[in-house]
Amino acid sequence: MIHAFLLVFILADKVQGGQPMYFRSINTCNWYASRIVKRYGNYSYSSLVPPEHRATAYCKPVYINSNTKGLYDH
């Protein structure tokens, strides 16, 4: 068992499912979290983004088996 970080992605106030992504490093997990929610376009303010397109991503510390599928080093 090891401590790792689970990437959590929320779109339109709903946690998105699918294959979980675990990272050994908080820095790597945060890098992916910041890239997932990056927006391009003419949105000067986050309040102008339609509610169904609003996204949040963060990393949650978890305790998992070291053989868990989807555990990334980079």
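What percentage of the 74 residues in the protein chain do buried residues make up? The answer is 26%, and the views below show where some of these residues sit. Please keep in mind throughout that this is a predicted model.

**View 1. The whole chain, with its 1 helix and 5 strands.** Let us start with the overall layout. Read from the N terminus, the elements follow the order β-β-β-α-β-β. The C-alpha trace extends over about 45 × 20 × 15 Å along its principal axes. If we take the contacts between residues at least 6 apart in sequence, 72% of them bring together residues at least 24 apart. The surface exposed by the chain comes to about 5600 Å², with 53% supplied by carbon and sulfur atoms.

**View 2. Helix α1 and the residues it buries.** Helix α1 covers residues 26-36. Its buried residues are T28, C29 and A33. Why do they lie on the same side of α1? They do so because the arc they cover around the axis is only 140°. Strands β1 (2-11), β3 (22-23) and β4 are among the elements that cover these buried residues. At the start of the helix, look for S25: one of its side-chain oxygens comes within 3.1 Å of the backbone nitrogen of N27.

**View 3. The disulfide between C29 and C59.** There is 1 disulfide in the whole structure, and here it is in close-up. The sulfur atoms of C29 and C59 are 2.2 Å apart. A value of -105° about the S-S bond makes this link left-handed. The two cysteines come from distant parts of the chain, 30 residues apart, with C29 in helix α1 and C59 in strand β4. Are these cysteines buried or exposed? Both C29 and C59 are buried.

**View 4. The largest nonpolar core, made up of 9 residues.** In soluble globular proteins, nonpolar side chains tend to be buried together. The members here are I2, A4, L6, V8, I10, Y22, V62, I64 and L71. Strands β1 and β4 each contribute at least two residues to this core, and β1 gives the most, with 5 residues. Another core, of 7 residues, lies apart from this one and includes F5, L7, F23 and C29. C29 is thus a useful landmark to carry over from the previous view, where it pairs with C59 in the disulfide.

**View 5. The surroundings of L71, one of the residues in the largest nonpolar core.** Which residues is L71 in contact with, once neighbours within four places in sequence are left aside? They are I2, A4, Y22, F23, R24, I64 and S66. Among these partners, I2, A4, Y22 and I64 also belong to the largest nonpolar core, while F23 is a member of the other core.

**View 6. R39 in the loop between α1 and β4.** Our last stop is the stretch that leads from α1 (26-36) to β4 (55-64), where R39 has its place. With a relative accessibility of 38%, R39 counts as partly exposed, because that value falls between the limits of 20% for buried and 50% for exposed. Residues up to four places away in sequence aside, R39 touches H53, R54 and A55. For a sense of distance, R39 and A12 are 27 residues apart in sequence, and their C-alpha atoms are 15 Å apart in space.

Terms used:
Residues numbered from 1 in each chain as written. Predicted model: local features only at pLDDT ≥ 70, side-chain atom pairs only at ≥ 80, totals over all residues. Heavy atoms only, no water. Helix = DSSP H or I, 4+ residues; strand = E, 2+ residues; numbered from the N terminus. Buried < 20%, exposed > 50% of the residue type's maximum accessible area, 1.4 Å probe, protein only. Contact = heavy atoms within 4.5 Å. Areas by Shrake-Rupley, 256 points an atom, 1.4 Å probe, with all protein chains shown as cover. Arc of directions from axis to C-beta. Polar contact = N/O pair within 3.5 Å; in protein donor to acceptor, adjacent residues only side chain to side chain. Core = buried A, V, L, I, M, F, W, Y, C linked by side-chain atoms within 4.5 Å. Disulfide = S-S within 2.5 Å.
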